[in-house]
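I opened my notebook to look at how the copies of a chain sit together and what holds the contact between two of them. Here is what I looked up, step by step.

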4 protein chains.
Amino acid sequence: MSFSMIRTTTFQLATVVAVLLGFGTPVAVAQNAPASAGTPDPELILDLIAANRTLASHGIVDAYGHVSVRHNLDPNRFLMAAARAPALVTEADIIEYTLDGVPVDLRGRSQYSERFIHAEIYKARPDVISVVHNHSPSVIPFGISDVPIKPVYHMSAFIGEGLPIYDIRDESGMTNMLVNNPVKGGALAAELGDATAVLMRGHGVAVTGSSIPFAVARSIYLEVNAAIQLQAIGLGGSVTYLDPAEAREVLEAGENRGYDRPWELWRRDALEQ
Amino acid sequence: MSFSMIRTTTFQLATVVAVLLGFGTPVAVAQNAPASAGTPDPELILDLIAANRTLASHGIVDAYGHVSVRHNLDPNRFLMAAARAPALVTEADIIEYTLDGVPVDLRGRSQYSERFIHAEIYKARPDVISVVHNHSPSVIPFGISDVPIKPVYHMSAFIGEGLPIYDIRDESGMTNMLVNNPVKGGALAAELGDATAVLMRGHGVAVTGSSIPFAVARSIYLEVNAAIQLQAIGLGGSVTYLDPAEAREVLEAGENRGYDRPWELWRRDALEQ
Amino acid sequence: MSFSMIRTTTFQLATVVAVLLGFGTPVAVAQNAPASAGTPDPELILDLIAANRTLASHGIVDAYGHVSVRHNLDPNRFLMAAARAPALVTEADIIEYTLDGVPVDLRGRSQYSERFIHAEIYKARPDVISVVHNHSPSVIPFGISDVPIKPVYHMSAFIGEGLPIYDIRDESGMTNMLVNNPVKGGALAAELGDATAVLMRGHGVAVTGSSIPFAVARSIYLEVNAAIQLQAIGLGGSVTYLDPAEAREVLEAGENRGYDRPWELWRRDALEQ
Amino acid sequence: MSFSMIRTTTFQLATVVAVLLGFGTPVAVAQNAPASAGTPDPELILDLIAANRTLASHGIVDAYGHVSVRHNLDPNRFLMAAARAPALVTEADIIEYTLDGVPVDLRGRSQYSERFIHAEIYKARPDVISVVHNHSPSVIPFGISDVPIKPVYHMSAFIGEGLPIYDIRDESGMTNMLVNNPVKGGALAAELGDATAVLMRGHGVAVTGSSIPFAVARSIYLEVNAAIQLQAIGLGGSVTYLDPAEAREVLEAGENRGYDRPWELWRRDALEQ
């Protein structure tokens with residue numbers, strides 16, 4: 001039984017529930033506030049706050065960008081901060097959302113208009129437990145160039161044979177570039193497919209993980225990979241990327257030991273601020 | 001005769017020449033100090049101090065460069081620090097200026113010789129409430145190259161279809177490169193036209209905004225855009241910039257939500273120093 | 001069966017395989033713990049902790065990468081931290097290892113799976129007293145490009161006429177890229193030969209030194225050299241590298257005065273944290 | 001009377017003295033310790049300490065590199081730290097040197113082997129009051145490439161029409177690359193000529209100034225210029241550098257207002273450590 005098979009099976013129930021919910025009942029949802037799934041694990045909230053601050057301290061997000069996590073009590077809910085700079089996020093900012101991007105209890109807090117990136121990915125990908133959206137600077141070039149991103153080393157094996165690019169123009173024409181409704185979020189999730197991340201042309205990237213540490217670490221190593229690849233191409237010679245078989249071996253061996261090692265460091269640094 | 005004495009003499013002569021060149025009635029102005037528009041909103045002063053420090057902490061200005069804001073009580077006055085490094089600016093440094101660049105009450109403080117960049121833009125562009133002048137490092141190349149700056153993502157939609165370049169040589173010949181009188185300031189403002197910013201060949205950039213957060217955020221994202229564009233071009237493939245229609249959509253939707261989100265972060269960080 | 005349980009099982013199996021593959025008498029070793037060479041010089045331990053933190057503060061390691069030193073009482077033992085981020089390493093994390101990569105007294109601490117990089121280099125190179133393994137970002141391109149790394153200035157004279165590249169694929173085929181057993185470590189050490197460092201294709205580098213300061217300083221100046229060489233090549237003209245005879249002269253003159261000067265600074269900064 | 005004429009006249013006496021001293025009496029000097037010129041101005045010592053720390057905090061020097069200043073009481077003496085990392089320099093490290101590089105009162109302190117860079121420049125250039133030697137990373141490429149450094153903006157007008165490159169190999173053959181005696185120092189000073197700085201092939205740069213702030217600021221803006229020029233060339237289009245006449249105008253206008261503005265900031269930051 002392969003590693004990826006296991007993960008798929010574990011979350012099969014969530015898929016069914018998510019599909020049944022769809023995004024067909026937004027009006028009803030708006031009229032009757034959705035029920036809360038209950039108080040999340042306090043450690044998960046601390047992880048989410050640490051994720052916000054870690055992404056900011058590593059330059060992966062500036063005042064824009066966001067990170068979310070699926071609720072530990074209900075796969076049909078996810079948790080994400082109110083609309084403020086990630087470096088400033090505290091527990092009071094965390095909002096519970098349905099997979100339609102409807103807040104359970106807004107209490108006057110402002111919302112990220114692009115929460116549908118998260119909502120639709122959770123709907124489409126039951127294996128995904130955490131999502132990061134960012135505009136990290138070295139990744140942007142690969143979303144607007146015809147030169148594809150590729151893994152330069154084992155730390156970015158999750159890139160595999162490359163990453164899909166979502167061009168909002170393909171489905172939505174000329175827009176303000178924001179994935180600010182379920183239709184755009186759904187198109188993004190469709191472009192993501194089974195990949196670990198999807199580049200967004202003229203915008204940024206959406207990164208997934210089977211936990212907060214995976215989504216955060218992949219966001220950071222995607223930026224590192226992009227910066228290194230830019231340099232390697234700049235040398236002007238031929239470049240040897242990770243072989244797809246090598247990338248698969250890295251993932252099957254646990255993908256950089258599950259990122260437990262950086263997470264110990266990042267969470268400590270973030271919560272000791 | 002000491003080295004510093006020589007320099008003082010040179011600058012005194014320059015002052016006389018500048019006053020003689022100036023628009024309007026500089027001699028009378030020098031004799032009869034212009035009246036103050038009154039005490040500015042204390043929050044505006046705090047914003048201006050925060051702007052100075054934020055630009056410094058983000059590497060947009062080093063010890064040179066400056067930021068100003070139109071007086072909240074009189075559109076014919078603007079506020080800008082005395083001539084010192086932006087990181088050091090406090091309330092005692094803020095000088096009120098007429099749109100001819102004449103200080104209302106100098107009290108012995110030294111002045112930025114390039115205050116005419118600000119004065120002349122405020123004269124020519126009533127919609128502009130704040131101006132930043134800086135030498136941010138990734139923007140300089142686009143002022144001296146025939147490769148035009150273009151928006152790589154929605155955060156820099158204010159670039160639109162590109163930015164004008166002011167070459168001081170066109171009107172003023174061989175100079176010390178400083179926009180240190182109203183004639184040069186006027187030529188710069190004319191080159192700016194309706195754009196959000198104007199590159200200055202061999203020098204830097206002048207950036208405008210409808211508020212301090214807009215002028216500061218555009219200065220920061222112009223630098224980020226330049227750095228990303230440099231990388232995208234370095235990949236060697238074709239590059240897809242933001243479509244002009246997309247750029248317009250972003251601006252019409254409020255241009256990155258008015259930069260309220262970064263401003264909460266930047267002002268807090270700047271004033272908590 | 002939870003996700004983390006799966007991973008644990010996978011690693012247990014890997015451990016067994018690694019032990020079976022190992023050189024010498026791994027089973028006996030597992031049963032009869034090797035004897036300790038005795039308490040190391042406390043100053044050496046402080047140097048090792050300072051090395052961990054210095055490499056982290058200089059961006060040579062992030063949460064991954066490691067540094068070791070040969071035991072001062074026994075050339076057949078070396079000292080290295082348990083598997084955690086170098087920035088977090090303290091005295092309690094230091095483990096004594098045999099040159100087969102077997103811990104003398106593990107006490108439940110987790111181990112770097114790539115300790116065999118260190119073990120096999122110490123076996124093959126008696127002159128080596130300290131080893132660093134890292135993924136420093138500007139060095140990676142030279143491990144995956146056909147453009148060779150060369151010394152751009154006297155600080156990196158230890159590069160000599162270039163550095164060998166270890167491609168794990170040559171001996172081990174498609175792997176998870178980790179040098180996690182003695183066979184791979186031995187192949188890496190063979191590729192290193194008499195050089196000061198060996199690049200690792202799609203992975204990073206292993207750097208040696210006749211002391212901790214040498215291994216740390218070479219790691220830092222290898223990164224600096226790589227970044228400078230990338231820029232020099234980016235200029236598009238011809239590049240003049242250090243002549244091999246000049247490189248030899250630098251090394252014969254003591255190689256940057258033995259790095260005593262940076263080590264005073266780095267150790268102070270690291271231990272005053 | 002021009003700006004440069006004034007400076008030349010002011011230090012004419014120093015030239016005569018320096019020429020008379022030559023470097024013909026090193027043995028006598030070694031036998032009879034040279035007399036001190038007296039206690040330097042305490043403010044000059046603070047400036048020198050601030051210069052050391054500022055160069056370190058700006059990444060212009062790491063643990064290597066040094067800065068000196070001519071003694072305020074005697075143009076035939078200069079002051080420089082003992083051989084340690086500039087970030088660590090305090091008053092107790094300051095050594096008085098003759099223009100032959102002989103210490104007045106060493107008191108067991110170790111010396112920079114490359115003090116002859118400073119000594120010989122002071123001998124050859126009476127207008128120079130302060131010298132910096134560094135390996136700043138973006139400058140190195142221009143010392144090993146056939147692409148010449150040029151001023152990209154007014155802040156680096158002191159580059160003029162380019163900078164000379166000293167290749168130690170031309171006079172001294174294969175060496176350890178160090179300018180560690182008067183002959184090499186003299187060849188470097190000869191290559192410098194009337195320029196503000198001289199690149200050193202495969203090594204770094206020596207930068208001069210008519211005061212500590214000038215030498216420090218030029219070192220910093222030389223690095224900034226190099227980084228910007230690298231980016232401008234990377235765009236692939238044609239690049240317009242500062243016109244030589246513009247560069248002269250900037251210098252005649254006082255060269256960035258004498259760097260008083262950054263010096264206020266840098267000295268404060270350095271001494272408040």
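My entries below go from the symmetry to one interface.

**Entry 1: the model.** I noted that this is a predicted model, so I kept that in mind for every value.

**Entry 2: how the copies are related.** I reminded myself that two copies of a chain are related by a rotation about an axis and a shift along it. What turn lays chain C on chain A? I found a turn of 90° with a shift of 0.0 Å along the axis, and the RMSD was 0.1 Å. The two copies are thus related as by a four-fold rotation axis. I also checked which surfaces they use: these are different, since 8% of the contact residues of chain C recur in chain A.

Next I laid chain D on chain C, and again read a turn of 90°, a shift of 0.0 Å along the axis and an RMSD of 0.1 Å.

**Entry 3: who sits by the axis.** Which residue of chain C comes closest to the rotation axis? I found Gly234(C), with its C-alpha at 4.7 Å. For chain D, the closest residue is Gly234(D), also with its C-alpha at 4.7 Å.

**Entry 4: the extent of the contact.** I turned to chain D and chain C. The contact takes 31 residues from chain D and 30 residues from chain C. The area buried between them is about 2800 Å², and carbon and sulfur atoms give 62% of this area. On the chain D side, I picked out Tyr64(D), Ile144(D) and Met174(D), which supply 24% of the area that chain D buries against chain C, more than any other three residues.

**Entry 5: polar links.** How many salt bridges are there between chain D and chain C? I counted three. In a salt bridge between Asp243(C) and Arg169(D), the closest N and O atoms are 3.9 Å apart. I also found seven residue pairs in polar contact across this interface.

**Entry 6: the chain D side.** I asked which helices join in. Helix H6 (140–144) and helix H9 (212–234) of chain D each supply at least two residues of the side that touches chain C. H6(D) gives the largest share, four residues. Sorting the residues on this side of chain D, I got 18 nonpolar, eight polar and five charged.

Note on methods: Residues are numbered from 1 along each chain as its sequence is written. Chains are lettered from A and ligands numbered from 1 in the order in which they are written. This is a predicted model: local features need pLDDT of at least 70, side-chain atom pairs count only at pLDDT 80 or more; totals for chains, interfaces and linings use all residues. Side-chain values use heavy atoms; hydrogens and water are left out. Copies are superposed by least squares on the C-alpha atoms of residues with pLDDT of at least 70 in both. Contact means heavy atoms within 4.5 Å. Buried area is the accessible area (1.4 Å probe) that two parts lose on being put together, summed over both. A salt bridge is a side-chain nitrogen of Lys or Arg within 4 Å of a carboxyl oxygen of Asp or Glu. A polar contact is a pair of N or O atoms within 3.5 Å; within protein, one must be able to donate a hydrogen and the other to accept it, and residues adjacent in sequence count only if both atoms are side-chain atoms. Ala, Val, Leu, Ile, Met, Phe, Trp, Tyr, Cys and Pro count as nonpolar, Asp, Glu, Lys and Arg as charged, and the others, Gly among them, as polar.
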